[in-house]
Amino acid sequence: MTQDIEMKDNQTPTQSIIVSATTSTLQHLKEIAALIDSGSYTKEVRRIARAVRLTVGLRKKLTGSVISSFLDFALVPGSDAHTRLSSFVPKSNEHDMEVDTASSNSQATTKHLPAELEIYCYFLVLLFLIDQKKYNEAKVCSSASIARLKSVNRRTIDVIASRLYFYYSLSYEVTGNLAEIRGNLLALHHSATLRHDELGQETLLNLLLRNYLHYNLYDQAEKLRSKAPRFEAHSNQQFCRYLFYLGKIRTIQLEYTDAKESLLQAARKAPIAALGFRIQCNKWAIIVRLLLGEIPERSIFTQKGMEKALKPYFDLTNAVRIGDLELFRNVQERFAKTFSEDRTHNLIVRLRHNVIRTGLRNISISYSRISLTDVAQKLRLNSANPVADAESIVAKAIRDGAIDATIDHKNGCMVSKETGDIYSTNEPQTAFNSRIAFCLNMHNEAVRALRFPPNTHKEKESDEKRREKKQQEEELAKYMAEEDDDDF
């Protein structure tokens, strides 16, 4: 005992600070374990969800020594789970081994080990491995956690299980083996559906959609999405991811109106802290709006933290707005690497027709009569027969209603008709109607998003009964005190 005391007294200030920080983090994890234990006993999912949120807050403070000490505290030493998880965590240093080992060993032999706490230990170790970028070890740990989850069917584990599903897919995606787990994810989604695990269903559905889209399997993704059972979204984050994947599928399938609505809704509902996700949503939404013939507002490109990431798309929007085909080619070549990384290159190729149509619309507004040779020159068509191409482009634009003009084939020119008053048409009414529909949709979503804790009426009744009982006890105590005074 004397030697241990002397070793602790000889610690440097830095070592004492590290030990105190480790003790604090370990104490927080023990409190989380107690919260999980009570949630398991009372079958309250909210306590398990709170434990997961608290763990995410401690994520940056997790070290190998802290997790090793917590595993000794939470799991029975020598058990399969303890042996397996301890192999992923580096051995503790001499200073860290002094931290609360006696209390943890004494508690480990007397405590009851619920399944929720064991699954939580898998989640904690997996979180640590991913933060340390040990992805191969994370693959093994996540596979072991999924195998353990298959043997447990309790609703109190659903919150932790959804996180394990996510990191299970992430570890395989980072290592480039995402296709290997597709069948396993489908089986897990089937099990979650049979067990009425709705949080697991929406998490696994998003992971499967991400898996398919990663390999450009859009038809399979749409088939899965359309066949998957419908349910109310429980997680805002998972709902945002679903809207984003749905927007990408709709974009590839040329359903630009639905894609625009899904992408804008995903960007609006996403948390402010999820900057990368909101950037991706805005990139796809910008391209979809350009494909629809709309020009996004300048404020979209000047959002805080997005200016640099959206710069290529701002130049692309400028080229489409002007209708300059040469500028569009330059932007496409200059940012080819960025568009390829964002996987939007094929969509940008579709924009060439929109650039030509915009330029042609500007020409028809500026000139009442112009030759097809000048049209080809202004559109900068670099083909073998630019005049014939210009004629076919003008004919298609007239047929689609993009411009109001006629072609004089005899003289080889385009004759624009006089522009009428737009307020005499139904355009203002259509625009006003779309705005009203958008506002009503937002109002309905806000109403549906209102949530109340379950059994609220029962809790109110219990509070009232508790208040009445307390009042009766106080009156009884007062009455007994008065009787005692009378006796004296």
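This report walks through a predicted model of one protein, from its overall make-up to helix contacts, cavities and single residues.

## Overall make-up

The protein holds 24 helices and three strands. It has 488 residues, and buried residues make up 40% of them.

Contacts can also be sorted by distance along the sequence. Take the contacts with a separation of 6 or more. Of these, 66% join residues 24 or more positions apart.

## Helix α9 and helix α11

Helix α9 covers residues 158-174, and helix α11 covers residues 198-214. Their axes come within 8 Å and cross at roughly 10°. Angles under 35 degrees count as roughly parallel, so α9 is roughly parallel to α11.

Seen from α9, the contact involves D158, V159, S162, Y165, F166, S169 and E173. Seen from α11, it involves L199, G200, T203, L204, L207, R210 and H214. The contact is mixed in character: six residues are nonpolar, five are polar and three are charged.

## Helix α9 and helix α3

Helix α9 also packs with helix α3, which spans residues 45-57. The axes of α3 and α9 lie 8 Å apart, at an angle of about 40°. The two helices are therefore oblique to each other.

On the α3 side, the residues in contact are V45, I48, A49, V52 and V56. They meet V159, I160 and R163 in α9. Seven residues of this contact are nonpolar, none is polar and one is charged. V159 appears here against α3, and V159 is also among the α9 residues that meet α11.

## The largest cavity

How many cavities of 30 Å³ or more does the whole structure contain? A search finds two. The largest has a volume of about 50 Å³.

Its lining is formed by F166, T203, N206, L207, R210, Q238, R241 and Y245. Two elements, α11 and α13 (236-252), each give two or more residues to this lining. The largest share comes from α11, with four residues. By type, the lining divides into three nonpolar, three polar and two charged residues.

Some of these names are familiar from the helix contact. F166 in α9 takes part in the contact with α11, as do T203, L207 and R210 in α11. F166, T203, L207 and R210 are also among the residues that line the largest cavity.

## The second largest cavity

The second largest cavity holds about 30 Å³ of space. Its lining residues are H353, I356, R357, L360, I393, K396 and A397.

Which element gives the most to this lining? It is α20, with four residues. Helix α20 spans 345-366, and α22 spans 386-400; each supplies at least two lining residues. The lining divides into four nonpolar, one polar and two charged residues.

## Buried residues: L29 and Q265

L29 sits in helix α2, residues 13-42. Is L29 buried or exposed? Its relative accessibility is 0%, so L29 counts as buried. Leaving aside residues up to four places away in sequence, L29 touches L58, L62, V66, F70, Y120 and L124. L29 and A74 are 45 residues apart in sequence. In space, their C-alpha atoms are 9.6 Å apart.

Q265 belongs to helix α14, residues 256-269. Q265 has a relative accessible area of 10%. Buried means under 20%, so Q265 is buried. Beyond residues up to four places away in sequence, Q265 touches F239, L243 and E445.

## A loop residue: T175

T175 is found in the loop between α9 and α10 (182-194). Its relative accessible area is 25%, so T175 is partly exposed.

Which residues does T175 touch, not counting residues up to four places away in sequence? They are Y135, N136 and K139. T175 and K139 lie 36 residues apart along the chain, and their C-alpha atoms are separated by 8.6 Å.

Technical notes. Residues numbered from 1 in each chain as written. Predicted model: local features only at pLDDT ≥ 70, side-chain atom pairs only at ≥ 80, totals over all residues. Heavy atoms only, no water. Axes fitted to C-alpha atoms, helices over the stretch in contact; angles between N-to-C directions. Parallel < 35°, antiparallel > 145°, perpendicular 65-115°, else oblique. Contact = heavy atoms within 4.5 Å. Nonpolar A, V, L, I, M, F, W, Y, C, P; charged D, E, K, R; others polar. 1 Å grid on protein atoms, 1.4 Å probe; cavity = no way out; pocket = protein on both sides within 12 Å on 5 of 7 lines; lining within 4 Å. Points joined across faces, edges and corners; volume = space filled by probe spheres on them. Buried < 20%, exposed > 50% of the residue type's maximum accessible area, 1.4 Å probe, protein only.
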